[in-house]
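Thanks for asking me to look this one over. Please have the sequence and the 3D view open beside you as you read.

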Amino acid sequence: MTRQVENPIIKPKILIVGILSPTNSIVNTQSYFDEFVNLVKSNGIEYDEAVFIKLRQIDPGYYITKGKLEELIEICKKHEIDQVIFSEPISTQQERNLTDILHAKVFDRTQLILDIFEKGAHSAEAKNQVAIAMLKNRKSRVAGHGKGMSQQAGRIGTKGPGETQKEKDIQHIEKLILSLQKDLKKIQQQRQTQRKRRILANIPMFCLVGYTNAGKSTILNLLTQANVLAEDKLFATLDTTTRELYVDGKKIGLISDTVGFIQQLPHHLIEAFKSTLSELQYASLLLHVIDVSDPNWPSHIKVVMETLKDINVDKPMLYIFNKADKIPDISIIKSQVDKFQPNVIISSLSKDRIAPLIEYLKNFKA
Ligand SMILES: Nc1nc2c(ncn2[C@@H]2O[C@H](COP(=O)(O)OP(=O)(O)OP(=O)(O)O)[C@@H](O)[C@H]2O)c(=O)[nH]1
Ligand SMILES: [Mg+2]
């Protein structure tokens, strides 16, 4: 997104625009905007200006309404902005209109998240999945582009030059997607063999799931000797790591950590990551980790539950309310937390503070 290949000396001037759309049902606006800033930073982007907008309605042409748009035009002019990043997904047409009026390159949430995934993918499987998602996104963008041109150039029943080029581009992208999907299938077959072996051996499988940055990898590292990268960054984990799980020196099963979820995770990404996430179908228990210190945790739970439904995962679940150390008085939220059962309240800062989780796992019967 912000690769400065053309001129490595000049850093583009970047404006970020956080938008709370009228369809967003989250309770804490500040925390939502913080999450957007964290998304930007997780992508390694240093921005110059930031604007946060609470929208009452969405404009079909420009996404944001007239008054706010004028504000953005002013900022772009004054600060000579080269790139504008929006916190929400916007349509191809809106992107084009905004590019024209702001005289800057425009990126939306989908591109921002795809970019993080592209930078963070390490394994062949993750790289392959991200590439497929990016191509599918490009395909829908190409399909949405050039409409105006073909309509101008062609009479009814004929195709304009823009249209034929567009078709060629789409065909090319489809070919690339097909070839990547073939490679992915091979990787999946290997996974299937490993899975069969595990099922035959009747080994319980615990799968960590949850919103991004909730603390999944930190818990995996505490429970096992895994050395998975855990940091204050969104989508630090993109690959699945599976480890043996020992409690009191006894092996009680396997535990895996995988990619986290976020609101409005691009659909193409969910599609592409289905093979990684398919592991969840075989879970004996889902360990749903929640950052209880984020005021938006109830909507994060909703996002996770909806995403699981999307990928047809319906398994027994333990709600793990994590980062309790960041809450001064846990009794205040206890009644709200207890709506989600069964649950444990923990802090992953140290092993003794995850004792309730270890206790639960010890007593778990598949
Ligand atoms: N204060 C506090 N910080 C925590 C706790 N658990 C995790 N963290 C911090 O939260 C951040 C995110 O933790 P991760 O384990 O990387 O979270 P994750 O769920 O694996 O996130 P992704 O892989 O990015 O989806 C890190 O900076 C952790 O140190 C906790 O119980 N208390
Ligand atoms: Mg992680």
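Here are my notes, point by point.

1. Please keep in mind that this is a predicted model. The protein is divided into domain 1 (14-107), domain 2 (121-181) and domain 3 (194-363).

2. How far apart are the centres of domain 2 and domain 3? Taken over C-alpha atoms, the separation is 36 Å. Eleven residues from domain 2 and nine residues from domain 3 make up the contact. On the side of domain 2 that touches domain 3, five residues are nonpolar, four are polar and two are charged.

3. Now to the four-stranded sheet. This open sheet has the order 2-1-3-4, and its pairing is parallel. At the edges are strand 2 (49-54) and strand 4 (105-107), each of which pairs on one side only. On average, neighbouring strands here are turned by 20 degrees against each other, direction ignored. Strand 1 and strand 2 run parallel and are joined by six bridges. To find your way along strand 2, look for Lys54, which has Leu20 opposite it.

4. Two helices can be placed against that sheet. Helix 1 (residues 29-42) lies across strand 1, strand 2 and strand 3 (83-86), and runs at about 145 degrees to strand 1. Helix 3 (residues 92-102) lies across strand 3 and strand 4, running at about 145 degrees to strand 4.

5. The six-stranded sheet is also open, but here the order is 6-7-5-8-9-10 and the pairing is mixed. Its edge strands, each pairing on one side only, are strand 6 (241-247) and strand 10 (343-345). The average turn between neighbouring strands is 25 degrees, direction ignored. Within this sheet's order, strand 8 comes just before strand 9. Strand 8 (residues 285-291) and strand 9 (residues 317-322) pair in the parallel sense over six bridges, and Ile290 stands opposite Phe321 in strand 9. Helix 11 (residues 297-310) packs on the sheet and touches strand 5 and strand 8, with its direction at about 150 degrees to that of strand 8.

6. Helix 8 deserves a good look. Is it mostly covered or mostly uncovered? Helix 8 is mostly covered, with seven of its eight residues buried. The buried residues are Lys216, Ser217, Thr218, Ile219, Leu220, Leu222 and Leu223. They pack against strand 5, strand 6, strand 7 and strand 8. The helix lies across those strands and runs at about 155 degrees to strand 7 (250-257).

7. What surrounds ligand 1? The shell has 24 residues, and the closest are Gly215, Ser217, Ala230, Thr237 and Gly260. Helix 8 (residues 216-223) gives the most to this shell, with three residues. By class, the shell has six nonpolar, eleven polar and seven charged residues. Ser217 therefore appears twice in these notes, as one of the closest residues to the ligand and as one of the buried residues of helix 8.

8. One last residue to check is Pro12, in the segment before strand 1 (14-20). Why does Pro12 count as partly exposed? Because 18 other C-beta atoms lie within 10 Å, and a buried residue would need 20 or more, an exposed one 12 or fewer. The C-alpha atoms of Pro12 and Arg197 are separated by 52 Å, and the two residues are 185 apart along the chain.

Definitions and conventions
Residues are numbered from 1 along each chain as its sequence is written. Chains are lettered from A and ligands numbered from 1 in the order in which they are written. This is a predicted model: local features need pLDDT of at least 70, side-chain atom pairs count only at pLDDT 80 or more; totals for chains, interfaces and linings use all residues. A residue is near a molecule or strand if its C-beta atom, placed from the backbone, lies within 6 Å of it. Ala, Val, Leu, Ile, Met, Phe, Trp, Tyr, Cys and Pro count as nonpolar, Asp, Glu, Lys and Arg as charged, and the others, Gly among them, as polar. Domain bounds come from an automatic or database domain assignment. Two residues are in contact if their C-beta atoms, placed from the backbone, lie within 7 Å. Two strands pair if DSSP finds at least two bridges between them. Axes are lines fitted to C-alpha atoms, for helices over the stretch in contact, and angles run from 0 to 180 degrees between N-to-C directions.
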